[in-house]
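Reader: Hello! I am new to this structure and would like to look closely at one small part of it. Could you pick a spot, and then lead me from there through its surroundings?

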Protein chains: 2
Amino acid sequence: MKMITGGVCAAKGFKANGIHCGIRHNHSKKDLALIVSDVPATAAAVYTQNLVKGAPLAITKENIANGIAQAVICNSGNANTCNADGPQIARDMCDLVQKATGVLANDVVVASTGVIGQPLNIEPIAKGMDALTAGLSYDGGHAAAEAIMTTDTVSKEVAVEFSLGGKVCRMGGIAKGSGMIHPNMATMLVFITTDAAISREMLQKALSSDITATFNMLSIDGDTSTNDMVTVLANGMAGNDQILSEGEDFTTFMQALNSITVALCRMIAGDGEGATKLLECKTTGADTLEAAKTAAKSVICSSLLKAAMFGADANWGRVLCAIGYSGADVDVNKIDVAFRSNAGTIEVCKNGAGIPFSEELAKKILLEKEIEILVGLGDGPYSASAWGCDLTYDYVKINGDYRT
Amino acid sequence: MKMITGGVCAAKGFKANGIHCGIRHNHSKKDLALIVSDVPATAAAVYTQNLVKGAPLAITKENIANGIAQAVICNSGNANTCNADGPQIARDMCDLVQKATGVLANDVVVASTGVIGQPLNIEPIAKGMDALTAGLSYDGGHAAAEAIMTTDTVSKEVAVEFSLGGKVCRMGGIAKGSGMIHPNMATMLVFITTDAAISREMLQKALSSDITATFNMLSIDGDTSTNDMVTVLANGMAGNDQILSEGEDFTTFMQALNSITVALCRMIAGDGEGATKLLECKTTGADTLEAAKTAAKSVICSSLLKAAMFGADANWGRVLCAIGYSGADVDVNKIDVAFRSNAGTIEVCKNGAGIPFSEELAKKILLEKEIEILVGLGDGPYSASAWGCDLTYDYVKINGDYRT
């Protein structure tokens with residue numbers, strides 16, 4: 001497995017593009033992305049668990065019910081959520097893709113991100129389709145990655161190369177993270193493409209399994225968007241024997257998928273709204289996987305800990321506190337805590353009680369951009385990771401000041 | 001029922017005092033509070049559900065296992081939590097109360113709030129006991145309220161007068177809210193006193209029932225402290241017939257208790273760390289009490305909504321979003337949202353979709369200091385309230401910058 005460039009166009013047979021069509025007022029910001037596979041692809045998706053769901057999610061769900069998709073269209077600037085005409089607009093977007101590319105409307109994954117509760121005007125999208133389609137190319141992944149950004153400060157893409165039965169396969173993904181361009185909620189969107197051949201059942205199984213340890217362990221601010229969605233399109237053009245069951249190939253595929261999703265999780269967390277630091281909480285020694293995950297996620301979600309990390313304050317009491325109220329079944333008298341970064345590692349708590357440590361070294365470690373919070377929970381066999389970011393003045397500014 | 005002054009000394013037979021003994025470095029801040037009843041009182045308490053518990057909570061639990069207490073001692077500046085000698089120090093505090101006042105050590109409620117994981121030195125407390133006891137008075141409630149403050153910007157006390165069987169009864173309380181004087185977690189402590197006569201079973205029943213709709217519906221930042229505790233001491237000196245069961249007197253007592261706890265909830269929420277606004281989410285029309293409460297609490301806990309309220313932004317989409325991911329069993333297509341304050345009321349969402357509204361009026365309403373978020377969930381009979389505050393730069397500053 002090696003990291004390569006190309007994002008969603010790294011895999012064979014995927015073209016992409018991103019343009020400014022006019023949904024966003026700022027002309028320098030792209031707002032419409034298109035990804036097209038040369039051939040119909042196997043598709044899998046997971047969606048937000050929020051009861052309030054963006055209209056595009058329902059249409060995507062309908063379209064890929066048969067496990068097949070060939071294109072992804074996604075706009076930024078408007079979430080097309082809580083609008084009476086939302087489902088129709090989402091269908092119109094799919095129809096526009098069919099008209100412009102020949103891909104069947106019901107083979108289109110459609111997504112939107114941006115302000116909610118404001119009608120999405122189809123006009124700019126309709127007018128932009130010619131330019132969007134004309135610019136589709138096998139190296140257009142970056143343009144697509146840019147077009148789905150909202151308050152993301154950097155575009156997010158990653159790709160890997162791996163081998164299945166001697167055939168070179170590639171997988172790549174783009175993501176948009178927690179950010180809002182209007183007074184609406186943050187949305188996480190992830191589009192992954194691969195040229196590996198895999199059945200729809202195994203693709204869905206791989207995705208559904210993977211996200212429990214990746215995107216579901218990611219938190220920027222504890223708010224779950226209405227429009228979150230992760231999709232994978234696998235077009236089989238690598239020519240490997242189709243993966244139909246568990247086994248070596250499926251394991252390799254899962255590893256490739258995990259390297260994509262973990263990389264995107266880290267990118268999204270590190271670019272959380274207002275974030276100055278990427279935080280990763282690693283729990284080990286838990287008696288159950290559930291306890292390992294619950295504890296790690298609670299630490300990453302604690303506003304108090306997030307603020308402490310912003311202040312480079314080795315405040316391990318907040319780590320214990322967050323584990324204590326997490327509901328995880330742990331023995332608090334067995335908890336060890338250490339902080340680690342490129343500047344070193346420092347132990348601050350053993351068996352649930354503080355130990356003397358150098359505040360100077362702790363500060364040096366916590367001033368780095370990527371911080372690991374290492375939590376030992378005992379002698380059990382389970383471990384987990386969760387990703388997040390610090391809580392900063394800018395988070396409040398971004399989310400409080402927009403319309404003032 | 002009428003509001004009166006006096007706090008924890010409003011009820012007959014309760015003396016209190018608060019002094020600076022030296023736990024805190026700032027000499028102008030009191031750090032040790034004592035409340036003493038002239039006679040042994042019936043006692044009830046509820047404690048944090050955090051698995052990591054402050055040592056004083058365990059000792060208090062032991063001491064009032066028999067349903068009797070006569071004094072409360074509480075220091076600020078150190079939480080006496082996650083220290084190997086914590087239980088011994090808490091016991092020592094009770095012994096000091098016995099030595100200074102004659103109240104039996106095992107009739108003492110002991111509490112601590114402040115930094116965790118740093119040993120609490122008993123010396124300043126021991127040295128301060130003479131002055132603390134000498135200054136006990138029937139109008140010392142305010143001094144006690146001041147001595148339990150950490151980053152609270154105002155002391156919190158309230159009292160009411162009511163009648164049971166023709167006898168005038170009084171009940172009062174003091175509280176400290178979400179604040180920290182060191183890099184530790186916030187703690188909520190509430191001490192309530194009354195001269196009403198009530199059995200321990202009915203007192204505990206009243207308290208345990210009340211908090212489900214009051215303190216358990218209060219959130220500053222979603223972090224549950226290790227040291228949270230609410231206690232009620234009822235010394236019976238009002239001379240009413242002791243309340244032994246449900247009935248008119250118990251109902252009146254519950255109403256008095258609720259007026260105290262709601263007032264303290266509002267004070268704690270409005271003085272949350274960095275808060276500029278008190279937020280109250282009122283849900284109505286729910287099919288179950290659980291749904292009403294879950295939805296209200298989720299709205300109050302949403303970092304996105306809290307930041308929007310700081311920015312006076314009528315961002316109703318975040319209200320829907322928070323209800324959508326709350327787990328509450330609601331029909332999102334029936335949700336109405338309005339904002340209300342002293343400046344007026346404005347409807348912003350009907351049946352789950354936005355409606356046109358005046359941004360100017362909305363801004364005016366949301367610039368007030370106390371904001372109600374009114375959420376209609378349908379035609380059901382259940383309603384609930386939750387209290388919180390906005391998320392501000394100062395929250396981040398208070399919690400991120402302490403040791404930098």
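Author: Gladly! Let us start at Ala312(B), which sits in the loop between α8 (303–310) and α9 (316–324) of chain B. Please keep in mind that this is a predicted model. What makes Ala312(B) worth a stop is its backbone: phi is near 55 degrees, a positive value in a residue other than glycine. As background, most residues other than glycine have a negative phi. Is Ala312(B) buried or exposed? A residue counts as buried when 20 or more other C-beta atoms lie within 10 Å of its own; Ala312(B) has 23 C-beta neighbours inside 10 Å, so it is buried.

Now turn to chain A, where Ala312(A) comes just after α8(A) and takes a positive phi of about 55 degrees. The helix before it, α8 of chain A (residues 303–310), is mostly covered, with eight of its eight residues buried. Among them are Leu304(A), Leu305(A) and Phe310(A), but also Lys306(A) and Ser303(A).

Back in chain B there is another backbone of this kind to visit. Asn80(B) is not a glycine, yet its phi is positive, at about 50 degrees. You will find Asn80(B) in the loop that links β4 (68–78) to α2 (86–101) of chain B. Asn80(B) has 30 other C-beta atoms within 10 Å, so it too is buried.

From loops we can move on to helices, using chain A. Helix α2 (residues 86–101) and helix α3 (residues 123–134) of chain A pack with their axes 10 Å apart, at an angle of about 35 degrees, and their crossing is right-handed. On the α2(A) side, the contact is made by Met93(A), Leu96(A), Ala100(A) and Thr101(A), while α3(A) brings Ile125(A), Ala126(A), Met129(A), Asp130(A) and Thr133(A). Sorted by type, the residues of this contact are six nonpolar, two polar and one charged.

Helix α3(A) also shows nicely how a helix can have two sides. Its buried residues are Ile125(A), Gly128(A), Met129(A) and Leu132(A). Looking down the axis, these buried residues fall within an arc of 145 degrees, so they line one face of α3(A). What do they pack against? Their partners are the strands β2 (14–19), β3 (32–47) and β4 (68–78), together with α2, in chain A. The face turned away from the buried side carries the exposed residues Glu123(A), Lys127(A), Asp130(A) and Ala134(A). Take Glu123(A) from that list: it counts as exposed because 11 other C-beta atoms lie within 10 Å, and 12 or fewer is the limit for that label. Its C-alpha atom is 9.0 Å from that of Ile23(A), although the two are 100 residues apart along the chain.

Strand β3 of chain A holds Val39(A), which is exposed, again with 11 other C-beta atoms within 10 Å. Apart from neighbours within four places in sequence, Val39(A) is in contact with Gly13(A), Asn235(A) and Met237(A). Met237(A) lies 198 residues from Val39(A) along the chain, but their C-alpha atoms are separated by 8.4 Å.

Finally, let us step back to chain A as a whole. Its domain assignment gives domain 1 (2–270) and domain 2 (278–400), with 32 Å between their centres over C-alpha atoms. Ten residues of domain 1 and 14 residues of domain 2 of chain A take part in the contact between them. On the domain 1 side, the touching residues are five nonpolar, four polar and one charged.

Conventions:
Residues numbered from 1 in each chain as written. Chains lettered and ligands numbered in written order. Predicted model: local features only at pLDDT ≥ 70, side-chain atom pairs only at ≥ 80, totals over all residues. Domains from an automatic or database assignment. Contact = placed C-beta atoms within 7 Å. Nonpolar A, V, L, I, M, F, W, Y, C, P; charged D, E, K, R; others polar. Axes fitted to C-alpha atoms, helices over the stretch in contact; angles between N-to-C directions. Helix = DSSP H or I, 4+ residues; strand = E, 2+ residues; numbered from the N terminus. Left-handed = near helix turned anticlockwise from the far one by under 90°. Arc of directions from axis to C-beta.
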